[in-house]
Amino acid sequence: MPGTALPLVPSLTPSSFGSVQMSPLRKAPHPCAHPSTLPPTRYGVYVYPNSFFRYEGEWRGSRKHGQGKLLFKDGSYYEGESVDGEITGGGRRHWALTGNTYTGQFVLGEPQGHGVMKYKAGGRYEGELFRGLREGQGHLVDADGQAYWGSFHDNKRHGQGRMVFRNGDEYEGDWVRDQRQGHGTLRRADGSIYEGQWHGDVFSGQGSMAHCSGGVYRGVWINGHPMGRCPRPCRWPRGPPSDPGPKWSCFRRGSQPRGLPLAGLWASGPSAQPPSSPPP
């Protein structure tokens, strides 16, 4: 999944060094302060001594305050609000190194609050952030077009969420640090449905599977495979049932699926009754 911690934007307040040109602006004073106590708001261009930063916009006293644009020598930029010398409020930030662009709320130079992050590699995130990381509720689409709606923590899918995979499968339930874990329901593109416990991104614990062939298994799953009593030797389609890939295909009613061994209790379907002859 796209998304990494974002570098900080330092507080940039000119001191006795550097060059600045300013002109006064007519602007209403802050409603909570007496007009005579506030310095005038001015517009100016400031080039910092290390020449990596250049600011053009509104000032109050010796601090950036209001609308402006902060340019970086590598091609990065921030355009938006500043308060008392800090990048805080609504704005837009572009990182030349990664090609990512964020539009939304900032606090002390970092994306924080609600916003939209567009990734150069493909995909986008819209939702809540904290200190530059996905945190809270959001909607993430990755470069492959897979979509997730739900809770995030520390930049990862964490909590309740729903995800649609590129092959058409859909999962809704619990997540722990980008893995399906807890209770959830997987609806396969072929019509099969699993509902139950997950651990480490695979079926694990109590769960039920209604297979597209008509078979229904209810019981214990271990590492993605059903375990328990079985009235006859059975086999599962090739590939683990929790694999989000296309291997988990449907088999026709009455046929003997080939692949991984299965031990378990089938409630209905072709595996509900013992066969009249040994399976092939």
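Aspartate 169 sits in the loop between S12 and S13, in what is a predicted model. At 2% relative accessibility, aspartate 169 counts as buried, because the limit for that class is under 20%. A polar atom of the aspartate 169 side chain lies 2.8 Å from the backbone nitrogen of alanine 189. This loop makes a convenient starting point, since other residues of interest belong to it or to its flanking strands.

The wider fold can be summarised briefly. The protein has 21 strands and zero helices. Its length is 280 residues, and 40% of these count as buried. The accessible surface amounts to about 14,600 Å², with 53% of that area belonging to carbon and sulfur atoms. Among contacts between residues at least 6 apart in sequence, 25% join residues at least 24 apart.

Charged pairs come next. Side chains of opposite charge can pair when their charged atoms come close. The structure holds eight salt bridges, and three of these are described here. One of them joins arginine 166 to aspartate 144, with an N to O distance of 3.9 Å. This pair links distant parts of the chain: arginine 166 is in the loop between strand S12 (156–164) and strand S13 (170–176), whereas aspartate 144 is in the loop between strand S10 (133–141) and strand S11 (147–153), 22 residues apart. Both arginine 166 and aspartate 144 are exposed. The distance of 3.9 Å still qualifies as a salt bridge because the cut-off is within 4 Å.

A second salt bridge brings together the side chains of arginine 162 and glutamate 170, at 3.4 Å from N to O. Arginine 162 is partly exposed, with a relative accessible area of 28%. Glutamate 170 is likewise partly exposed, at 25%.

In a further pair, aspartate 201 and arginine 180 meet at 3.0 Å, again from N to O. Here too distant parts of the chain are linked: aspartate 201 lies in the loop between strand S15 (193–199) and strand S16 (202–210), and arginine 180 belongs to strand S14 (residues 179–187), 21 residues apart. Aspartate 201 is partly exposed, with a relative accessible area of 24%, while arginine 180 is buried, with a value of 2%.

Arginine 134 offers a contrast to these pairs. This residue is in strand S10, and it is buried yet has no salt bridge. The nearest side chain of opposite charge is that of aspartate 178, 5.9 Å away. No salt bridge is assigned between arginine 134 and aspartate 178 because 5.9 Å does not meet the cut-off of within 4 Å. The arginine 134 side chain does, however, make a polar contact of 3.0 Å with the side chain of tyrosine 119.

Aspartate 178 is also notable for its backbone. Most residues other than glycine have a negative phi. Aspartate 178 nevertheless has a positive phi of about 75 degrees although it is not a glycine. This residue is found in the loop between S13 and S14 and is partly exposed, with a relative accessible area of 24%. Serine 51 also has a positive phi, near 65 degrees. The position of serine 51 is in the loop between strand S2 (41–47) and strand S3 (53–60), and its relative accessibility of 38% makes it partly exposed.

Turning to glycine, residue 127 is placed in strand S9 (residues 124–130). Glycine 127 is buried, with a relative accessible area of 4%. Its C-alpha atom is separated by 5.3 Å from that of histidine 114, which is 13 residues apart along the chain. Beyond its neighbours within four places in sequence, glycine 127 is in contact with Gly113, His114, Gly115, Gln137 and Gly138.

Two sites at the surface complete the picture. Leucine 108 is in the loop between strand S7 (101–107) and strand S8 (110–118). At 53% relative accessibility, leucine 108 counts as exposed, because that class begins over 50%. The C-alpha atoms of leucine 108 and arginine 131, 23 residues apart along the chain, are separated by 9.1 Å. Elsewhere, Val220, Ile222 and Met227 form a nonpolar patch on the surface, with about 250 Å² of accessible area together. Within this patch, methionine 227 is found in strand S18 (residues 225–227) and counts as partly exposed at 42% relative accessibility.

Note on methods. Residues are numbered from 1 along each chain as its sequence is written. This is a predicted model: local features need pLDDT of at least 70, side-chain atom pairs count only at pLDDT 80 or more; totals for chains, interfaces and linings use all residues. Side-chain values use heavy atoms; hydrogens and water are left out. Helices (H or I, at least four residues) and strands (E, at least two) are DSSP runs, numbered from the N terminus. Buried means under 20% relative accessible area, exposed over 50%, partly exposed in between (1.4 Å probe, protein chains only). Contact means heavy atoms within 4.5 Å. Patches are made of residues with over 30% relative accessible area and no salt bridge: like charges are joined within 9 Å, nonpolar side chains (Val, Leu, Ile, Met, Phe, Trp, Tyr) within 5 Å. Accessible areas come from the Shrake-Rupley method with a 1.4 Å probe; for residues, only the protein chains shown count as cover. Lys and Arg count as positive and Asp and Glu as negative; His and the chain ends are not counted. A polar contact is a pair of N or O atoms within 3.5 Å; within protein, one must be able to donate a hydrogen and the other to accept it, and residues adjacent in sequence count only if both atoms are side-chain atoms.
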